[in-house]
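Me: Could you pick one part of this protein and go through it slowly with me? I'd like to see what surrounds it and how it fits into the rest of the chain.

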Amino acid sequence: MRDKKTVSKLICYSNPRSQVAEAYRTLRTNIHFSASNLKTMIVTSAEPGEGKTTTISNLAIVFAQSGKKVLLMDGDLRKPSVHRVFRLYNTTGLSDLLLGQIDDAKDVIQRMDEVGVDIIPAGKNPDTPTELISSPRMRELLDWLTMRYDLVLIDTPPLLPVTDSQVFSTFVDGVLLVIRSGKARREHVKKAKSLLDHVGAKVIGVVLNGKKRSREDKAYYEYTEKE
């Protein structure tokens with residue numbers, strides 16, 4: 001059984017009729033109409049602590065709930081956290097594939113039938129994560145995954161501290177930038193967007209995380225949930 005902290009992060013699984021879960025479904029719809037041919041997407045942020053891992057985990061669940069075959073990959077080889085959200089083992093994962101220590105991706109995919117999502121955790125922290133991410137093995141893995149899944153979502157490190165997300169952004173279909181209300185500084189968000197623009201990344205949207213809903217929004221959701 002999942003603990004309370006984990007369940008609170010996977011709100012689209014634990015409380016699918018909540019306001020927050022509805023917001024994720026709205027985000028799913030917006031992504032679908034802004035990039036209908038989307039097969040691969042990274043989610044990143046300017047700085048740590050803005051909620052990108054929680055965002056991508058719930059997005060994976062709502063896309064799976066819509067009937068898509070979804071794989072969620074932890075591309076943060078420095079401070080991985082997807083395995084913690086889903087309470088999975090992180091003994092092997094993406095880094096082992098990229099280092100050639102495991103040949104078959106099927107050996108590191110962990111099935112989460114409970115939420116309908118397959119997951120590749122990050123694995124052991126390598127010495128040279130940026131070089132591994134930019135290697136031909138990474139592109140080959142993505143090609144293999146996109147032939148087997150409708151959507152591949154990748155959680156990546158924040159943009160300002162390291163260049164990993166910039167590298168990832170050059171070979172995926174879209175980038176979703178997460179900004180936490182009340183935390184993100186304007187100049188840091190502008191810098192993060194500039195870094196993505198510099199490598200020609202396709203930014204398909206921005207998520208403002210942690211913003212309080214207005215009274216009108218709350219009244220609307222309370223009404224619809226009673227119907």
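Reply: Let's start with strand 3 and strand 4 (residues 117–120): they run antiparallel and are joined by three bridges. This is a predicted model, where local features need pLDDT of at least 70 and side-chain atom pairs count only at pLDDT 80 or more, while totals for chains, interfaces and linings use all residues. Residues are numbered from 1 along each chain as its sequence is written, and side-chain values use heavy atoms, with hydrogens and water left out.

A few words on terms. Strands are DSSP runs of E with at least two residues, helices are runs of H or I with at least four, and both are numbered from the N terminus. Two strands pair if DSSP finds at least two bridges between them.

Now look at who faces whom. Arg 111 has Asp 118 of strand 4 as its bridge partner, and Met 112 stands opposite Val 117 in strand 4. Strand 3 and strand 4 form a hairpin with four residues between the strands, and there Gly 116 takes a positive phi near 80°.

Strand 4 has another partner, strand 2: four bridges join the two, and this time the strands run parallel. One bridge partnership here links Leu 72 with Ile 119 of strand 4. Strands of a sheet pair through backbone hydrogen bonds, either parallel or antiparallel.

What about the two faces of strand 4, buried or exposed? Val 117 and Ile 119 on one side and Asp 118 and Ile 120 on the other are all buried, so both faces are covered; buried means under 20% relative accessible area, exposed means over 50%, and partly exposed is in between, with a 1.4 Å probe and protein chains only. In a regular strand the side chains alternate between the two faces of the sheet.

Zoom out and you see the whole sheet. Seven strands make it up in the order 3-4-2-5-1-6-7, and it is open, with mixed pairing. Strand 3 (110–112) and strand 7 (203–209) are the edge strands, each pairing on one side only. From one strand to the next, the twist averages 25°.

Helix 4 lies across several strands, strand 4 among them, and runs at about 165° to strand 5. Axes are lines fitted to C-alpha atoms, for helices over the stretch in contact, and angles run from 0 to 180 degrees between N-to-C directions. Helix 4 (residues 52–65) also packs with helix 3 (residues 19–34), at an angle of about 75° and with their axes 9 Å apart. Helix 3 brings Tyr 24, Arg 25, Leu 27, Arg 28 and Ile 31 to that contact, and helix 4 brings Thr 54, Thr 55, Asn 58, Leu 59, Val 62 and Phe 63. Contact means heavy atoms within 4.5 Å.

Strand 2, the parallel partner of strand 4, leads us to the nonpolar cores. A nonpolar core is a set of buried Ala, Val, Leu, Ile, Met, Phe, Trp, Tyr and Cys residues joined through side-chain atoms within 4.5 Å. The largest one has 37 residues, and Met 73, Met 138 and Leu 145 have the most contacts inside it. Strand 2 (70–74) is among the elements that give it two or more residues, while helix 8 supplies the largest share, five residues. Beyond its neighbours within four places in sequence, Met 138 is in contact with Met 73, Leu 94, Leu 98, Leu 132, Ile 133, Phe 168 and Phe 171. There is a second, separate core of 34 residues, and Leu 72 belongs to it, along with others including Tyr 24, Ile 61 and Val 85. Tyr 24 also sits in the contact between helix 3 and helix 4.

Not far along the chain from strand 4 is Ala 122: it is 26 residues from Asp 96 in sequence, but their C-alpha atoms are 8.5 Å apart. Asp 96 lies in helix 6 and counts as buried, at 3% relative accessibility. Leaving out residues up to four places away in sequence, Asp 96 touches Thr 91, Gln 101, Ile 102, Gly 123 and Lys 124.

Finally, the big picture. The protein chain has 11 helices and seven strands, and 51% of its 227 residues count as buried. Among its contacts with a separation of 6 or more, 79% are between residues 24 or more positions apart.
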